[in-house]
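Visitor: Could you take me through the charged side chains here and explain how each label is earned?

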Amino acid sequence: MSERFHGYVGVQGRGVVTLPADLRRRLRLDEPGSQVELTEREDGVVEMRATVAVPGDQAWFWTERWQRMEREADADIAAGRVANFEDTESLFADLEL
């Protein structure tokens with residue numbers, strides 16, 4: 001594992017903080033849509049967590065209902081409750097049974 005960053009960064013006039021380039025790359029903060037989550041604790045510590053925002057048109061995937069269905073599908077695949085078809089005709093024939 002690479003060494004974790006510890007150091008100081010300046011805060012510019014409008015609140016802009018520049019993170020070191022190697023840290024941005026390692027935490028994938030140089031990717032489009034990346035954000036940081038800030039949490040101010042009661043003891044005065046500000047925690048920062050790297051995150052990639054979920055585009056609005058993909059938010060449905062992260063709903064509890066959809067994630068439950070994903071877990072069910074994963075369980076079905078792991079248990080072998082799947083069928084493979086050579087072509088769409090074979091699939092439709094199986095569905096008509």
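Guide: What follows is a short conversation about salt bridges and exposure.

Guide: This is a predicted model, in which local features need pLDDT of at least 70 and side-chain atom pairs count only at pLDDT 80 or more, while totals for chains, interfaces and linings use all residues. Residues are numbered from 1 along each chain as its sequence is written, and side-chain values use heavy atoms, with hydrogens and water left out.

Visitor: What makes the contact of Asp22 and Arg26 a salt bridge?

Guide: The term requires a side-chain nitrogen of Lys or Arg within 4 Å of a carboxyl oxygen of Asp or Glu; the N to O distance for Asp22 and Arg26 is 3.9 Å, so the pair satisfies that definition. Both residues lie in helix 1 (residues 21-26), 4 residues apart, about one turn of the helix, where a helix is a DSSP run of H or I with at least four residues, numbered from the N terminus.

Visitor: Why is Asp43 called exposed, whereas Arg41 is called partly exposed?

Guide: Buried means under 20% relative accessible area, exposed over 50%, and partly exposed in between, using a 1.4 Å probe and protein chains only. Asp43 has 53% and is therefore exposed, whereas Arg41, at 34%, is partly exposed.

Visitor: How do you know that Glu47 and Arg49 form a salt bridge?

Guide: Their closest N and O atoms are 2.9 Å apart, which means that the pair meets the distance criterion. Salt bridges that share partners join Arg41, Asp43, Glu47 and Arg49 into one network.

Methods. Helix = DSSP H or I, 4+ residues; strand = E, 2+ residues; numbered from the N terminus.
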